[in-house]
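This report looks at the cysteines, a helix and a pocket of one protein chain. The sequence and structure come first.

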Amino acid sequence: MFMTRKACLVLFVYTVASTAVNTTNFDLKSSKRIISSELIKRDVIVPSLIDCAFQCSSYDFCETASFDNETKLCNLSTSCNPDTLVSQTATSIRKRSTREFEPIFVACSGNEQSVLDTWRTPSMGGGIVNINDPCTVGHLRSSIIDNWNGSIIDQVH
């Protein structure tokens, strides 16, 4: 990402979360039905896939759902990636994130610091508060990088 003042590289991440009702906020997988019964928090009978998506959007715990067009059963699950079974009459949906991206690294020109060294050096504190910081002393680095493998990161932008 390039800013008008200085050239900067900015990495952002976000995790799974959504409250929208529109089905465009879901990823669809045809012919898949959720089978992880311990992760299914609620089963409801609804007339359509859109109504199933609405049900999933209505509950904070719901990350995925599956709708069976034949039985009209909508399974709401807490898992982002539950076990599924092939079913010709079912469709699985997973919420897309609507959160803003969180900056994890900002590299700025002109501070005479190595970008690679800054990336590799563990952070002393939490997140990046202001990405518009001129970073004349050094690049900006979030502690999320230190726990990258243990973080629930949905996308990097």
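## Cys74 and its partner

In this predicted model, Cys74 has a relative accessibility of 0%, and because the cut-off for buried is under 20%, Cys74 counts as buried. Its partner is Cys52: the two are joined by a disulfide with an S to S distance of 2.0 Å. The pair links distant parts of the chain, since Cys52 lies in helix H1 and Cys74 in strand S5, 22 residues apart. Cys52 is buried as well, with a relative accessible area of 0%.

The link of Cys52 and Cys74 is right-handed, with 75° about the S-S bond.

## The second disulfide

How many disulfides are there by the distance rule? The count comes to two. A disulfide is a covalent bond between the sulfur atoms of two cysteines.

The other pair is Cys56 and Cys62, whose sulfur atoms are 2.1 Å apart. The torsion about the S-S bond of Cys56 and Cys62 is about -100°, so this disulfide is left-handed. Cys56 counts as buried at 0% relative accessibility, and Cys62 is buried with a relative accessible area of 0%.

## Helix H1 and what covers it

Helix H1 spans residues 49–58. Cys52 and Cys56 are among its buried residues, and each takes part in a disulfide, Cys52 with Cys74 and Cys56 with Cys62. Ala53, Gln55 and Ser57 are also buried in H1. An α-helix has 3.6 residues a turn, so residues three or four places apart point the same way.

Which strands help to cover the buried residues of H1? The cover includes strand S2 (26–34), strand S3 (40–45) and strand S4 (64–68). It also includes strand S5 (73–77) and strand S6 (84–95). Of these, strand S5 holds Cys74, the disulfide partner of Cys52.

## The largest pocket

The largest pocket holds about 170 Å³ of space. Its lining is made up of Asp27, Lys29, Lys32, Ile34, Thr64, Cys80, Asn81, Pro82, Thr84, Ser92, Ile93 and Arg94. The elements that give two or more residues to this lining are S2 and S6. Both S2 and S6 are also included in what covers the buried residues of H1.

By class, the lining of the largest pocket has four nonpolar, four polar and four charged residues. Asp27, Lys29, Lys32 and Arg94 are in the lining and count as charged because Asp, Lys and Arg belong to that class.

Note on methods
Residues numbered from 1 in each chain as written. Predicted model: local features only at pLDDT ≥ 70, side-chain atom pairs only at ≥ 80, totals over all residues. Heavy atoms only, no water. Buried < 20%, exposed > 50% of the residue type's maximum accessible area, 1.4 Å probe, protein only. Helix = DSSP H or I, 4+ residues; strand = E, 2+ residues; numbered from the N terminus. Contact = heavy atoms within 4.5 Å. Disulfide = S-S within 2.5 Å. 1 Å grid on protein atoms, 1.4 Å probe; cavity = no way out; pocket = protein on both sides within 12 Å on 5 of 7 lines; lining within 4 Å. Points joined across faces, edges and corners; volume = space filled by probe spheres on them.
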